[in-house]
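Colleague: I'm new to looking at models like this one. Please pick a single part, take me through it slowly, and show me how it sits in the rest.

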Amino acid sequence: MRIANLDGRLVLKYPDGVTDVQKASDGRFAADPQAVFARWDEFVAWADGLRAPFVEPFDPRRLKAPVPRPSQVFAIGLNYADHAGESSLPLPPEPAVFTKFQTAIAGPNDQVRLPTSTVDWEAELVVVLGRRAVAVDAARAWDHVAGVMVGQDLSERTRQLVGAPPQFSIGKSFPGFAPIGPEIVTPDELADREDLEIGCSVNGETVQHARTSDLIFSVAALVERLSAILALTPGDLIFTGTPSGVGHARSPRRYLAPGDVLETWISGVGRLRNTFAAGPRHTSQTI
């Protein structure tokens, strides 16, 4: 199953179009895309039984963030060995966890306004929780996952790295710094949920290319480690980490600029296409 947010309404996505969930369910499920996660099991059972739904064509540019208001957004740093290497940092013994705040959420086609000249890209697989998870072992972790999406952990490197300790969560949470989408893909749609091709390009030039099988801490391991400490709730997000190829690690360093087009993809999951424009300027001394 693939579900999406079309102009603020929850839809099921098919190869030839979409079905509006509220209309197809006669109001059983709300149009609000965020509301479905609290009733995820009931929703899946209903969708599995849906026969000959009314499907209408749509413009993909109207798609919004599939999870517009997550309660918790976790992000994992240094979760690919090659990215840790390009950052000249040792492999983490435990997941390096920070957060991206809810107001950073953006859609798969949104324009992002750049607060500085040091904004970087980070292609990521994003996990969406469908069931509450508390002390879940890795063997059962995928049972708590609603699906996966494509994501970008956009990062303002100056704010992120200023001072000691660094300010990861703030540096990665400017408005629009968490594009996600274009849809949520349930794990049963994927031939191998543990091994997906991931990458991104800037203005048509591929800058990141890897496979999610290279994750140091797998999706199951992340759900296990996080749920051992706190409750994961339906609709929460986990940004699972980025592979090598970020702009900050290049020589010379390279960052996003107004007019750039950033495309991010994961095989079998989808593609984001985000553009960039100049925004209100931020300096590290303002906080």
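Modeller: Here's a close look at one helix, followed by a second helix and the chain around them. Some ground rules first: this is a predicted model, where local features need pLDDT of at least 70 and side-chain atom pairs count only at pLDDT 80 or more, while totals for chains, interfaces and linings use all residues. Residues are numbered from 1 along each chain as its sequence is written, and side-chain values use heavy atoms, leaving out hydrogens and water.

Our part is helix α2, residues 40-48. Helices (H or I, at least four residues) and strands (E, at least two) are DSSP runs, numbered from the N terminus. In α2, the buried residues are Trp40, Phe43, Trp46 and Ala47. The buried residues of α2 line one face of the helix, because they fall within an arc of 125° when you look down its axis; that arc is taken from the directions from the helix axis to the C-beta atoms. Turn to the other side of α2 and you'll find Ala45 and Asp48 exposed. (Buried means under 20% relative accessible area, exposed over 50%, and partly exposed in between, with a 1.4 Å probe and protein chains only.)

So what sits over that buried face? The cover on the buried residues of α2 includes β1 (2-6), β2 (9-14), α1 (21-24) and β11 (145-152). Cover here goes by contact, which means heavy atoms within 4.5 Å.

Now try helix α6, residues 219-227. Seven of its nine residues are buried, so α6 is largely enclosed by the rest of the structure. Those buried residues are Val219, Ala220, Ala221, Leu222, Val223, Leu226 and Ser227. Among the elements covering them are β5 (73-77), β6 (96-99), β10 (123-129) and β16 (237-239). Strand β11 is also part of the cover for α6, and we already met β11 over α2.

Zoom out, and the chain has six helices and 18 strands. Of its 287 residues, 54% count as buried. Take the contacts between residues at least 6 apart in sequence: 75% of them join residues at least 24 apart. The radius of gyration, taken over C-alpha atoms, is 18 Å, which agrees with the value near 19 Å for a compact globule of 287 residues; that globule rule is 2.2 Å times the number of residues to the power 0.38.
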